[in-house]
Amino acid sequence: MTPQRFSPNWFQKARLKLRHLQLFAALDEHRNLHRAAASLNMSQPAASKLLGDLEETLGIELFDRHGRGIEPNWYGSLMIRHARMILSELQETGEELNALLAGHSGRVSIGTVMAPAVELVVPVISSLTREHPNLKVAVAVETSDVLADRVHQGVMDFAIGRLPGHYDPTAFEYQEISSEELCFICREGNPLLQLGRPLTAADLSDATWILQPVGTLLRDRVEALFRAEGARLPHRVIESASPVISMAMVAETESITVFARALAQVFSPSGCCAIMPFHKRFSVEPYGIFWLKDRPLSPGARTVLSAVRAASELKMRLVAAASPTTAAAQ
């Protein structure tokens, strides 16, 4: 045999096949050509020819033949080591493909408005990541118009919010979940809390407010509430769409903001804010889960979506069971 220098694509020129790799591993295990061939459901002559042709092409012998069997030399040992590594990688590839197909791994990007972030998304993601640690989920909390844009652009797999009117609703799959109850919050010690009674819109007109920009859902809802009560609209307003900025301003000043009640109830026990005793409950229009009809969801995204839908359906059943109407009907 004439040895040669090996080019980067030597395996293509040598026509190296998966069967070669399997034969190397079998020869390493059995050290006998007949038994190695049998383990691969090959005849001994076929295995001998497969190995001999490769050695001839490479110009080097890989195994030493003797009466007791066959032993790899330095070159054969190198081939066996890499063959086992490649076979192991291929096996792991299959396992990863199965995990992807089952929705147990991969990367999923979702978005949500404030209320379901606390009530649905946090517990669902917490449970899923314990069950499927290889499933990576990215979550963003934004306003509905931002979420719809990102879903439409393919940046997010699905979102929980409201579809803005300028989008064609037939382009999306949509499942309504719940309405979002709101409340006003301020810092502990705000003088308005000392009035000792439920507050009205008129009580809050002259306060400093942290509100979303004009035209956004929460801003419109607050202004509609003040108009309905015949109170002057908030006129000392700092605009911010960020819940973090709003919370920080409330904690440091006498300002007021509007939050989803579910989210406010998470923060208020810590003392960083207080839910103001408004004289009536109020909410915004229902939100739901939506995703594009013409873009199939990945298996991982379907896993997360299924878990969110199941959690939302359970929540709706619990709310219905606890309502006075349902209780009276029973």
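**Salt bridges in the predicted model**

Arg-65 and Glu-55 are joined by a salt bridge in which the closest N and O atoms are 2.9 Å apart. This pair connects distant parts of the chain, with Arg-65 located in strand β1 (residues 63-66) and Glu-55 in helix α4 (residues 44-58), 10 residues apart. The two partners are described by separate accessibility values: Arg-65 is partly exposed, at a relative accessible area of 45%, whereas Glu-55 has a relative accessibility of 2% and therefore counts as buried. The model is a predicted one, and the structure holds 16 salt bridges in total.

Two further salt bridges involve Glu-223 in helix α9. In one of them, Arg-219 pairs with Glu-223, the closest N and O atoms lying 3.0 Å apart; because these residues are 4 residues apart in helix α9 (residues 217-228), about one helical turn separates Arg-219 from Glu-223. Arg-219 is buried, with a relative accessible area of 8%, and Glu-223 is likewise buried, its relative accessible area being 15%.

The side chain of Glu-223 also meets that of Arg-227 in a salt bridge, with an N to O distance of 3.8 Å, and these two residues, both in helix α9, are again 4 residues apart, or about one turn of the helix. Arg-227, in turn, has a relative accessibility of 52% and so counts as exposed, the threshold for that class being over 50%.

Elsewhere in the predicted model, a network of salt bridges links Asp-28, Arg-31, Glu-71 and Arg-84.

Definitions and conventions:
Residues numbered from 1 in each chain as written. Predicted model: local features only at pLDDT ≥ 70, side-chain atom pairs only at ≥ 80, totals over all residues. Heavy atoms only, no water. Salt bridge = Lys/Arg side-chain N within 4 Å of Asp/Glu carboxyl O. Buried < 20%, exposed > 50% of the residue type's maximum accessible area, 1.4 Å probe, protein only.
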